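Trainee: Could you take me through the ligand site of this model at close range? I would also like to hear what else is worth a look along the chain.

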Amino acid sequence: MTYTLSEIAAMLGVAAPDAPERHISVLLTDSRSLTNPSETLFFALRTPQNDGHRFVEGLYKSGVRAFVVDKELNGDILSKMSEAVIFTVGNTLDSLQKLASMHRRRFKKPVVGITGSRGKTIVKEWLGYVMMPQLNVVRSPRSFNSQIGVPLSLWNLDNECQVAVFEAGISKFGEMGTLQEIICPQIGIFTNIGDEHDAGFDSIEQKCREKMLLFQECEDLVYCADNTLISGIAVDSVEKGVIKSWTINGNSSAWLQLSVEHLQPGETTIRYEYEGVCRSVTIKYTRKEDIENACHVLAASLVLGIEHDIIARRMSTLPQIDTRLSVIEGVNSCMIITDVGPVADSVWMSTSLDFMCRRKTPDVTLTVILVNPEIVIDSNLKKILVRRGVSRLIITGDRPSEPVCGDGFPELKVEQYVSLQQMLAEVSQSDFDHELILIESSDSLCAESVLEMLEARRHETVLEVNLDALVGNFNLMRSLVKPTTGVVAMVKAGGYGAGSYELAKTLQAQGASYLAVAVADEGVELRNRGITMPIMVLNPKVTNYRTLFRYGLEPEIYSFDILDQIICQAERQGMNGFPIHIKIDSGMHRLGFLLEDMPRLVSTLQKHKAVSPCSVFSHLAAADCPDMDSYTALQFDYFDSCCKQLQAGFGHHIMRHILNSVGIARFPDHQFDMVRLGICLYGISPLELPQLAGLKPVSTLRTVIISIKTWNDGTTIGYGRRGVVAKESRIATLPIGYADGLNRHLGCGRGAVFINGCRCPIVGSICMDVCMVDVTGCECEVGDAVEIFGRNITADEVAGLLDTIPYEVLTSVSQRVKRVYYRE
Ligand SMILES: *Cc1c(COP(=O)(O)O)cnc(C)c1O
C-alpha cells in the first residue's frame with residue numbers, strides 16, 4: 001500500500017513533516033531487508049536483544065529518508081541526516097501496530113484470521129491456493145504471525161485484494177487483543193490447541209481463551225467440533241458470531257458433517273453434505289494432521305462461497321508447504337536455495353528473495369527459476385525481481401499466458417520453457433556459473449529434479465547448520481551482557497566446524513563487534529566473500545603480515561618476537577596506527593605477555609606509531625570449573641594490573657576483554673569492553689547453567705539409510721568380525737565412516753545414532769566410509785534420515801563417550817561433508 005508521509009503522520013497522530021512530500025510503500029523493521037529506500041519508512045523497534053535505533057544512521061546512508069523512533073537520536077547522527085523526516089513517538093511498536101490497524105479499517109473485503117497451536121501456515125496457504133485462480137488473495141508472508149509480523153502483513157492489503165488471509169501467533173497471555181485489533185477478521189479459523197506445557201500461560205484453558213479473543217468480532221468461526229475444549233470455549237465466547245464447526249465423529253451439533261475414507265493408497269476422500277447435496281473432495285494426504293488442516297480449508301471455502309467444483313479441483317492438488325529455506329552448494333561455484341511453496345506470488349517470494357539477497361556475495365549474480373508457476377509473470381513481478389538485483393529468470397510450464405519477455409527490463413534476461421522436461425533436456429550444468437539460484441516450486445519433486453541437475457555432489461551425509469539457532473544463541477548470550485559491551489564472535493576452525501562464511505555473514509548482520517579467526521587465510525577468505533566487519537586473527541604466522549595489512553586483519557600479538565616483526569613490516573609498508581591486540585598470559589601459560597613485560601611493551605609501542613594497541617585481552621584457564629574460581633579471581637587481578645600499566649602509556653582508550661562463553665554466564669562483573677563468544681554460539685554449554693538453558697544446537701550431522709538386512713543370531717558384522725548379533729536382528733548400513741569424522745571409537749556398541757525416534761547402537765567397527773547400526777525394533781526403511789549428532793544425540797553426549805570435549809566433536813566433521821545452511 002502507498003500513503004504520503006503527511007497521511008501517515010495523521011494516522012500516527014504526530015505533526016506533519018515540513019519537508020517535500022514523499023510516498024511510502026514499504027514499512028521496514030529489519031534493516032537487512034531494505035529494497036526500495038526512497039519509499040521506505042523505518043520503524044526503530046526495541047526487542048530484548050536488539051535496538052533498531054542503532055541502524056538509523058546506516059539506513060540513511062543507504063537512502064532511507066523516513067524514520068519512526070521513540071528516543072532522541074544523538075546530535076552527531078542527526079546533523080548528518082539533514083534530509084530525514086523523523087517521527088518521534090512514545091513507543092515504536094505501538095505506532096507500527098496502530099498504523100496497521102488504521103490501514104485495516106479502510107478495507108471492506110472479507111478478512112480471514114487464523115490461529116491455533118499447529119497448522120496455521122498450512123491452512124492459510126492451502127486456503128489461499130483454493131481461492132487463488134478466481135480471486136486476488138493477500139496472505140501473510142510465510143509465517144509472519146507475531147506482534148511485528150502481523151502489522152507488516154496487513155500492510156500488503158491494497159485495493160485490488162478481494163480476500164485476505166492472515167495468521168496470528170502468540171506466546172504469552174495478553175498478546176491476542178492487539179493482534180485482534182489489527183487483523184479484525186470477519187471469518188475465523190481455530191486450527192487446534194496443543195496440550196503441551198506453555199510457559200506464557202497458566203493453563204491450557206487460559207491459552208485457548210486467549211487465542212479465542214482473535215474471533216471476538218467474527219461473523220463466522222470455523223473449528224473442529226470434535227475438540228471439546230475449543231467447542232466449549234467457542235460457544236460461550238463468540239458473541240455475534242455464527243459457529244461453523246465441522247465434525248468427522250458425527251457430532252450432531254456441528255454445522256458440517258464430514259466423513260473420511262481412504263479409498264486409494266496415499267489419498268483421502270472427504271465426503272460432506274452441503275445445501276442438501278452430497279459431495280466429496282479427494283486429497284493426496286493421509287496423515288491425521290493434514291486431514292484436519294484440509295477439513296478447515298474445506299469448511300472455510302464453503303463459508304467464503306467458493307463453488308464446489310473449484311474446491312474439489314484445487315483440493316485434489318494441494319501443495320506441500322515447507323517454510324524452511326535451505327542453501328546448498330551447486331556446480332560451478334553456484335549456491336542453490338530451494339523454496340517449496342504453494343503459490344509463489346510476490347508476497348510469498350518477498351521472504352525467499354530476501355533470504356537470497358542476504359546471501360549475495362560480490363562474485364555471484366542472482367538467478368530465479370520458477371517451476372510451473374501458478375501466477376502470471378507480469379511487469380510488477382519483474383520490477384520486484386529487478387529491484388532485488390535478479391538478472392536471470394528461468395520459467396518452466398505452459399500456463400496459457402503469453403510468452404514472458406524482459407520488455408522494459410533490460411537488466412533481466414528471461415528464458416522460458418514449455419515444460420520442466422524441456423528445460424531439463426535443454427539446460428545443462430555448464431549453463432550456470434557463479435550464480436546464486438533460487439528455485440521456486442509448488443511441488444517438491446519438481447524442485448528436486450532441478451536441484452539434482454545443479455547440485456555439486458550428492459553425498460548423503462551432510463552437516464546441517466541452523467542459522468536461526470545461531471541467531472537465537474547470539475542474542476541469548478548478548479542479553480547476558482550490558483548493551484555497551486561488544487561481542488567478539490569466535491568463528492575460528494571454520495566456525496567450530498560449521499563453516500565460517502555463512503556464519504560470519506549472519507553475525508555481521510546481527511551486529512557482532514568483531515569476528516575472530518585462527519589463521520590469516522580464514523580471514524582472507526571472509527574478506528574475499530564480502531565480509532567487511534573487523535576481524536581479529538588469533539595465530540598470525542610470521543610470514544604473512546602483508547596479507548594482514550592488505551585485508552585489514554588485526555593480529556593478536558603475544559610476544560616481543562612477533563611484535564618486533566610486525567613493527568618492522570608495518571614501517572616498511574608505511575602503515576600508521578595499524579590495530580593490534582595485545583595478549584596477556586594471566587594464568588593459561590600458553591601465549592602472552594607477563595606483568596613484568598609491561599614497561600618494555602609500553603615503551604616499544606610508544607616509539608613505533610606504525611601499529612597501535614586497539615585492545616588488550618587474556619583467556620581464562622578454568623572458567624568452567626567452579627572449584628577453581630579462586631584461580632580465576634587471581635587471573636582477573638593479574639589482567640587488571642597489566643591493563644592499568646598498558647593503558648597509562650596511551651591517550652586513547654584500549655579495549656579490554658577476558659571472558660569466553662562460560663565466563664560470560666558466570667562472571668558478569670568482568671565484561672569490560674568486549675566478550676569473546678565461542679562454544680555457546682554453537683548452542684553447546686560446557687556447564688549446566690540456568691541462564692544458558694535456552695541455547696539450541698546449531699549443527700546436526702545427518703545421513704540416510706542406504707541398505708537394511710535381517711541376520712540370524714550368531715552372524716558377524718564388519719571388519720575383524722567384531723560385531724556379533726545375539727538374536728535375529730535388522731542391521732542398517734549408513735554412508736558415513738571415520739573419514740567423515742565419525743570417530744572410530746564409537747563403534748562396537750559404544751555410540752548410537754537416532755532414527756525415527758529410536759536410538760540405534762553402532763554394530764561392529766566403523767569403516768572408512770560406512771558403518772552399520774542395529775535397527776531391530778525401530779520402524780525404518782531405506783532412505784530414512786539418521787541423526788549422528790544434533791538435537792537428540794548431543795555433541796556433548798558424543799564427547800562424553802569419547803572422553804573428550806564437544807569442541808573436538810564439532811570440529812572433527814571432515815571437509816568432504818557438505819554443509820547445508822537453513823533457516824526455520
Ligand atoms: C576459542 C577462544 C575463545 C572462545 O572460547 P569458548 O569457550 O568457545 O567460548 C575465547 N578466547 C580465545 C582466546 C579463544 O581462543
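Mentor: Let's begin with the ligand and then visit a few other parts of the chain.

A word on the basis: this is a predicted model, in which local features need pLDDT of at least 70, side-chain atom pairs count only at pLDDT 80 or more, and totals for chains, interfaces and linings use all residues. Residues are numbered from 1 along each chain as its sequence is written, and side-chain values use heavy atoms, with hydrogens and water left out.

The shell around the ligand (residues with a heavy atom within 4 Å of it) is made up of Met 490, Lys 492, Tyr 496, Leu 538, His 619, Asn 660, Ser 661, Arg 676, Gly 678, Ile 679 and Tyr 807. By type, five of the shell residues are nonpolar, four polar and two charged; here Ala, Val, Leu, Ile, Met, Phe, Trp, Tyr, Cys and Pro count as nonpolar, Asp, Glu, Lys and Arg as charged, and the others, Gly among them, as polar.

Now for the polar side chains. Asn 660 has a side-chain N or O atom 3.3 Å from an oxygen atom of the ligand. For Arg 676, a side-chain N or O atom is 2.7 Å from a nitrogen atom of the ligand. A polar side-chain atom of Tyr 807 sits 2.6 Å from a ligand oxygen atom. On its own the ligand has 390 Å² of accessible area (Shrake-Rupley method, 1.4 Å probe), and the protein covers 93% of that.

Next, helix H19, residues 520–528 (helices are DSSP runs of H or I, at least four residues, and strands are runs of E, at least two, numbered from the N terminus). Its buried residues (under 20% relative accessible area, 1.4 Å probe, protein chains only) are Ala 520, Glu 522, Gly 523, Val 524, Leu 526 and Arg 527. They pack against several elements, including helix H17 (492–496), helix H18 (500–510) and strand S26 (535–537). After H19 comes Gly 530, with a positive phi near 100 degrees.

Thr 700 belongs to strand S32, residues 699–704. Why does Thr 700 count as buried? Because its relative accessibility is 10%. Leaving out residues up to four places away in sequence, Thr 700 touches Val 462, Leu 463, Glu 464, Glu 787, Phe 789 and Gly 790, where contact means heavy atoms within 4.5 Å.

Finally, confidence: pLDDT, the predictor's confidence in each residue from 0 to 100, averages 91 over the protein chain, and 97% of the residues score at least 70.

Definitions and conventions:
A polar contact is a pair of N or O atoms within 3.5 Å; within protein, one must be able to donate a hydrogen and the other to accept it, and residues adjacent in sequence count only if both atoms are side-chain atoms. Buried means under 20% relative accessible area, exposed over 50%, partly exposed in between (1.4 Å probe, protein chains only).
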